[in-house]
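Here is a friendly set of notes to read beside the structure. Take the points one at a time, and find each residue in the viewer as you go.

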Amino acid sequence: MAEKEIRYPNIRNLREDAGLSQADIAQILNCSQVAYSYYEIGRRDIPTEILISLAKYHNCSVDYLLGLTKQEDGTYASTNSLYKANTASKLTASFKESVI
């Protein structure tokens with residue numbers, strides 16, 4: 001049997017580092033253990049309110065939870081990454097303007 005791929009390893013690692021089982025964190029988040037497991041492996045989209053609760057609980061950024069940055073505080077590791085992030089947000093804004 002193939003091992004489940006972990007889509008969001010930071011979420012799992014933070015939970016394990018805190019010494020919590022999936023059932024423990026699911027109870028904290030007021031969801032089922034199965035739902036939480038699906039969030040970790042990426043089988044189910046993580047609701048925004050769950051992401052915010054996880055970030056608050058683990059005192060880290062949502063970007064870190066999702067693997068968008070390697071820094072727990074949400075900052076980017078290099079100036080080049082910061083440039084890419086700023087460029088992406090500008091492109092998004094200009095795209096929105098062109099659509100409206």
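1. **A word we need before anything else.** Helices (H or I, at least four residues) and strands (E, at least two) are DSSP runs, numbered from the N terminus. With that in hand, we can place N30 in the loop between α2 and α3. Please also keep in mind that this is a predicted model.

2. **The overall layout.** How many helices and strands does the secondary structure of the chain come to? The answer is six helices and zero strands. Following the sequence, you will meet the pattern α-α-α-α-α-α. The chain has 100 residues, and 28% of them count as buried. If you take the contacts between residues at least 6 apart in sequence, 43% join residues at least 24 apart.

3. **Two helices that pack together.** Two packed helices are described by the angle between their axes and the distance between the axes. For helix α2 (residues 22-29) and α3, the angle is about 105° and the axes are 8 Å apart. Angles of 65 to 115 degrees count as roughly perpendicular, so α2 is roughly perpendicular to α3. On the α2 side of this contact you will find Q22, A23, I25, A26 and L29, which meet Q33, Y36, S37 and E40 in α3. Sorted by class, the contact of α2 with α3 has five nonpolar, three polar and one charged residues.

4. **Y36, a residue worth a look.** Y36 is found in helix α3. Is Y36 buried or exposed? Its relative accessibility is 0%, so Y36 counts as buried, since buried means under 20%. Leaving aside neighbours within four places in sequence, Y36 is in contact with I11, R15, Q22, I25, A26, L29, C31 and L54. The side chain of Y36 also makes a polar contact with the side chain of E40, at 3.0 Å. One more distance to try in the viewer: the C-alpha atoms of Y36 and I46 are separated by 8.7 Å, and these residues are ten apart along the chain.

5. **The salt bridges.** Side chains of opposite charge can pair when their charged atoms come close. The count here comes to two salt bridges. In one of them, R15 pairs with E16, with the closest N and O atoms 4.0 Å apart. In another, the side chains of R15 and E40 meet at 2.6 Å, N to O. Since R15 lies in helix α1 (residues 9-17) and E40 in helix α3, this pair ties together parts that are 25 residues apart in sequence. R15, E16 and E40 are thus linked in a network of salt bridges.

6. **How covered are these charged residues?** R15 has a relative accessible area of 7%, so R15 is buried. E40 is buried as well. E16, at 43% relative accessibility, counts as partly exposed.

7. **Two residues with an unusual backbone angle.** Most residues other than glycine have a negative phi, and most peptide bonds are trans. Now look at N30, which is not a glycine and yet has a positive phi of about 60°. N30 counts as exposed, because its relative accessibility is 74%. N59 also has a positive phi, near 55°, and is a residue other than glycine. N59 lies in the loop between α4 and α5, and is exposed, with a relative accessible area of 67%.

8. **Around the loop after α4.** H58 has its place in helix α4. At 13% relative accessibility, H58 counts as buried. Leaving aside neighbours within four places in sequence, H58 is in contact with L14, R15 and I25. S61 lies in the loop between α4 (48-58) and α5 (62-65). S61 is buried too, with a relative accessible area of 16%. What does the side chain of S61 reach? It reaches the backbone nitrogen of Y64, at 2.9 Å.

9. **One last arginine.** R44 is found in the loop between α3 (33-41) and α4. With a relative accessible area of 39%, R44 is partly exposed. Not counting residues up to four places away in sequence, R44 touches A35, Y38 and Y39.

Conventions:
Residues numbered from 1 in each chain as written. Predicted model: local features only at pLDDT ≥ 70, side-chain atom pairs only at ≥ 80, totals over all residues. Heavy atoms only, no water. Buried < 20%, exposed > 50% of the residue type's maximum accessible area, 1.4 Å probe, protein only. Polar contact = N/O pair within 3.5 Å; in protein donor to acceptor, adjacent residues only side chain to side chain. Contact = heavy atoms within 4.5 Å. Axes fitted to C-alpha atoms, helices over the stretch in contact; angles between N-to-C directions. Parallel < 35°, antiparallel > 145°, perpendicular 65-115°, else oblique. Nonpolar A, V, L, I, M, F, W, Y, C, P; charged D, E, K, R; others polar.
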